[in-house]
Amino acid sequence: MAKDLMRYDLMAQEALRGVVRQALLRAAMPQGLPGPHHFYITFRTRAPGVDLDPSLLEKYPDEMTIVLEHQFWDLEVTDTGFEVTLKFGGVPKYIKMPYSAVSRFHDPSVGFHLQFEPSLTASDETSEGDSAAKPGAKPAPADGEAGQVVSLDSFRKK
């Protein structure tokens, strides 16, 4: 099999992050979330661009899940990320994150779930001739090996 120089895996991840953006745009409308819809959004707390209260960062040093349902304020959605205010222990806390920090998105009211690989920026990607592996990076399939195709059906509730 030929090497994927187009990086379809990255394009697919970026397109699916667009689904998260569209869902958040609907939640940010004056009428809020329709019906029983609500979102569980898991994100990497130390990802570049994340702005998180230090007390939350101390409690959740790697990953955190927030819920957008009835009580969230000041939801602002942009092309690159979103910001929102949520209450933790009755105290409002501001959170800002790029979509690249999101690792999971789930709307349990309809069983919709997306899971993302950590996003790579241009500076994170190795050049064609660079053989140094990144910590935690998955090795690319060797020539002749097929990459893994994951069906979205595996993320749907049965």
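A pocket, as the word is used here, is an open set of grid points with protein on both sides within 12 Å along at least five of seven lines. Keep that idea handy for the last part of the tour. One more thing before you start clicking: this is a predicted model.

**Stop 1: the sheet**

Switch to cartoon view and pick out strands E3, E1, E7 and E8. These four make an open sheet in exactly that order, with antiparallel pairing. Now look at the two ends of the row. E3 (63-68) and E8 (112-115) are the edge strands, and each has a single partner, so one side of each has no neighbour in the sheet. Going from one strand to the next, the twist averages 10°. If you're wondering what holds such a thing together, strands of a sheet pair through backbone hydrogen bonds, either parallel or antiparallel.

**Stop 2: walk across the strands**

Start with E1, residues 39-44, and its antiparallel neighbour E3: six bridges join them. Which residue of E3 is the bridge partner of threonine 42? Select threonine 65 and you've found it.

Next, step from E1 over to E7. Here four bridges do the joining, and the two strands again run antiparallel. Click on tyrosine 40, then on its bridge partner in E7, histidine 106.

Stay on histidine 106, because it also leads you onward: its bridge partner in E8 is histidine 113. E7 and E8 are antiparallel too, with four bridges between them.

**Stop 3: the turn**

Follow the chain from E7 into E8. This is a hairpin with four residues between the strands, and glycine 111 there takes a positive phi near 70°.

**Stop 4: the helix**

Select residues 8-27 to light up helix H1. What does H1 lie across? It lies across E1, E3, E7 (102-107) and E8, and it runs at about 135° to E8.

**Stop 5: the second largest pocket**

Time to use that opening definition. The second largest pocket holds about 230 Å³ of space. To see its walls, show side chains for Val19, Gln22, Ala23, Arg26, Leu33, Pro34, His37, Phe39, Phe105, Asp107, Val110 and Phe112. Which element gives the largest share of this lining? That's H1, with four residues. H1 and E7 each supply at least two lining residues, which ties this pocket back to the helix and strand you've already visited.

Finally, colour the lining by class: you'll get eight nonpolar, two polar and two charged residues.

Terms used:
Residues numbered from 1 in each chain as written. Predicted model: local features only at pLDDT ≥ 70, side-chain atom pairs only at ≥ 80, totals over all residues. Heavy atoms only, no water. Pairing = 2+ DSSP bridges. Axes fitted to C-alpha atoms, helices over the stretch in contact; angles between N-to-C directions. Contact = heavy atoms within 4.5 Å. 1 Å grid on protein atoms, 1.4 Å probe; cavity = no way out; pocket = protein on both sides within 12 Å on 5 of 7 lines; lining within 4 Å. Points joined across faces, edges and corners; volume = space filled by probe spheres on them. Nonpolar A, V, L, I, M, F, W, Y, C, P; charged D, E, K, R; others polar.
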